[in-house]
Amino acid sequence: MMNIPLVPNRRRSESDPFWAALQPPANESLADRDRRLFAELEAKRVSDGIDEMLRQEKKEMRMKQEIKILLLGQSESGKSTTLKQFQLVHAPAAFRADRIAWRAVIYLNLVRSIRRILDAISPDTEDDDNDELDSNPRSRHIRRQSTQVVNYEQYRRTLEPLKVLEEHLIRTLSSPDDEDEPTRMPFSIPTPNSQGIATKNGRPAPVVSIPARQPSFPPSPVSPILSPGASTIGSSKSKQPEVSVHNRSNWKKAFSLGSKIKSSPKSAHTNEIEGWWDDPSDPVHVLNACAQPMLTLWRDSSVKQRLREKQLRIEESSGFFLDEIVRITALRYFPTDQDVLKARLKTMGIVEHTFSIPDPPHVNVDWKVYDVGGARNQRHAWAPYFEDVNAIIFLAPISAFDQVLLEDPKVNRLEDSFLLWRSIVSNKLLMDVSIILFLNKIDLLQAKLKAGVRLKDHFKQYGSRPNDFENVSRYFQTNFTTIHQEFSVNRSRELKIHFTSVTDTRRTATIIQRVREIIITANLRSIQLM
Ligand SMILES: Nc1nc2c(ncn2[C@@H]2O[C@H](COP(=O)(O)OP(=O)(O)OP(=O)(O)O)[C@@H](O)[C@H]2O)c(=O)[nH]1
Ligand SMILES: [Mg+2]
């Protein structure tokens, strides 16, 4: 703002028309002069006020930050689950509005678990065909004895409708066809005589991602034990590729409440309204009809025995809902927060979420959280995000020490995590980036150790140390810390490590709060406001 001079500059040229215009009239009375000076003072006060406001605004602009967080880690490490927890903490209304759409994923997870069991107990299946992706030769040897499930044929027949449902769910998830018929009912199960399930418009949809094999990373300082035969595991005919939906896909729209449905989530348990349960083509009816045989199968002791022999710990796998068959197959089932956190849908591409978080008194922060696909054929997409990211949350699923990668069964999952960690901490582009390490899935690690799975059978160097949670978790923490110390491009970078179970809402909310504080502090330091 321009300040009006109270005392005119006498040396200025009188020919300057601007200066001349500001001069008081020659015949100004005393009263006029007082009025003029008062008006000038008032104008200056207003002008100073505006200047101050602009200064404040500029300061706030400078302090208004956009903080970018990248979630990294191998497939199934828990990145998308962490993103869901961010949503639950910072955008709970949007998270809850989406819950209904997850119904399809949860159904699919359930149906696929049933299929895994049927494959595992099938008399036609060779012993190695349905194994958990297991890296230990000893446990594969033990699996040779096999229990026959006498009711197998009956289970297969009664659960046959789930096969058609599975295909249908996959196709609908992959191709919601949202643009031209937004009001259609979410599901429509094909008639038995339809040849496959054509999408509307006849467009074939890319349904399932089958990761390409890629060359292994160079050896790392920590090496797991892998048997020479391990490469055959995971490549058998009965292995089911994981279902993934590309980030560009609008799959949630297809499974949200359609216009035909008058219900709201709250009214799902009352009788006043019409809902998806009134639509005879909704998948819930097939599931509901199959609930009893599913339950009998899951409770059958000979099935349990067969799964044990095959070391197939299905209850530790992603998207496990078999202990909730009755609730999930109920006609009016509505997913809970916990169900959504447990649901498994593989990420392809990069998913971005923005949360605007007021952080008084200093800053308003827009948090952008990027969730990436962690499978090996997805990792090439990470690098462009390294340029301007403020922080990385790296997730390593430490329960996976006895598993191999789906995309490369020669590689132990933890070994892959160590190598990935090394490549991240040694990346020059990430020199000034805060890195927070989540040693994740500790609940599963505890269960696994309790079930007697021994770390030394997979990591020989662990030797005779106690096979309990305290020692095993410390071992992993030491390994990750050592790799950071040895390979980090920035030796002064402080490494924050959290033991997490990101499906646990309460604990994860606290950790997210702490992570935010760490990042804010590091960020303020970097813009020299501290
Ligand atoms: N029990 C348990 N399950 C977890 C934990 N973290 C993640 N999960 C489950 O593990 C599965 C995989 O998690 P995601 O978050 O989808 O894994 P991701 O890293 O996004 O995997 P990609 O998208 O393939 O890269 C999901 O079913 C989660 O519910 C955990 O700490 N404990
Ligand atoms: Mg994901």
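T347 is buried, because 22 C-beta neighbours sit inside 10 Å of this residue, and the cut-off for buried is 20 or more. Keep in mind that this is a predicted model. T347 belongs to strand β3, residues 346-348. What does T347 touch, beyond residues up to four places away in sequence? S80, S244, D371, V372 and G373. In UniProt, an unreviewed entry carries the annotation "binding site" at T347.

Now the nonpolar cores. The largest has 49 residues. Five of them touch the most other members: L71, I392, I393, F394 and W421. Which helix gives the most to this core? Helix α14, residues 413-425, with seven residues. Apart from this core lies another one, of 41 residues. Its members include I100, V105, L118 and V243.

Back to I393 for a moment. Set aside its neighbours within four places in sequence. I393 is then in contact with I69, L71, T82, I436, F438 and V515. One of these, L71, was also on the list of residues touching the most other core members.

Last, the helix pair. Two packed helices are described by the angle between their axes and the distance between the axes. For α14 and α16, residues 469-487, the angle is about 35 degrees and the axes are 9 Å apart. The crossing is right-handed. From α14, the contact uses F418, W421, R422 and V425. From α16 come N479, F480, I483, H484 and F487. By class, that contact has six nonpolar residues, two polar and one charged. W421 is in this contact, and W421 is also one of the core residues I named earlier.

Definitions and conventions. Residues are numbered from 1 along each chain as its sequence is written. Chains are lettered from A and ligands numbered from 1 in the order in which they are written. This is a predicted model: local features need pLDDT of at least 70, side-chain atom pairs count only at pLDDT 80 or more; totals for chains, interfaces and linings use all residues. A nonpolar core is a set of buried Ala, Val, Leu, Ile, Met, Phe, Trp, Tyr and Cys residues joined through C-beta atoms within 7 Å. A residue is buried if 20 or more other C-beta atoms lie within 10 Å of its own, exposed if 12 or fewer, and partly exposed in between; C-beta atoms are placed from the backbone. Helices (H or I, at least four residues) and strands (E, at least two) are DSSP runs, numbered from the N terminus. Two residues are in contact if their C-beta atoms, placed from the backbone, lie within 7 Å. UniProt positions are given in the numbering used here, feature names are shortened, and annotations may be inferred rather than shown by experiment. Axes are lines fitted to C-alpha atoms, for helices over the stretch in contact, and angles run from 0 to 180 degrees between N-to-C directions. A crossing is left-handed if the near helix is turned anticlockwise from the far one by less than a right angle, and right-handed if clockwise. Ala, Val, Leu, Ile, Met, Phe, Trp, Tyr, Cys and Pro count as nonpolar, Asp, Glu, Lys and Arg as charged, and the others, Gly among them, as polar.
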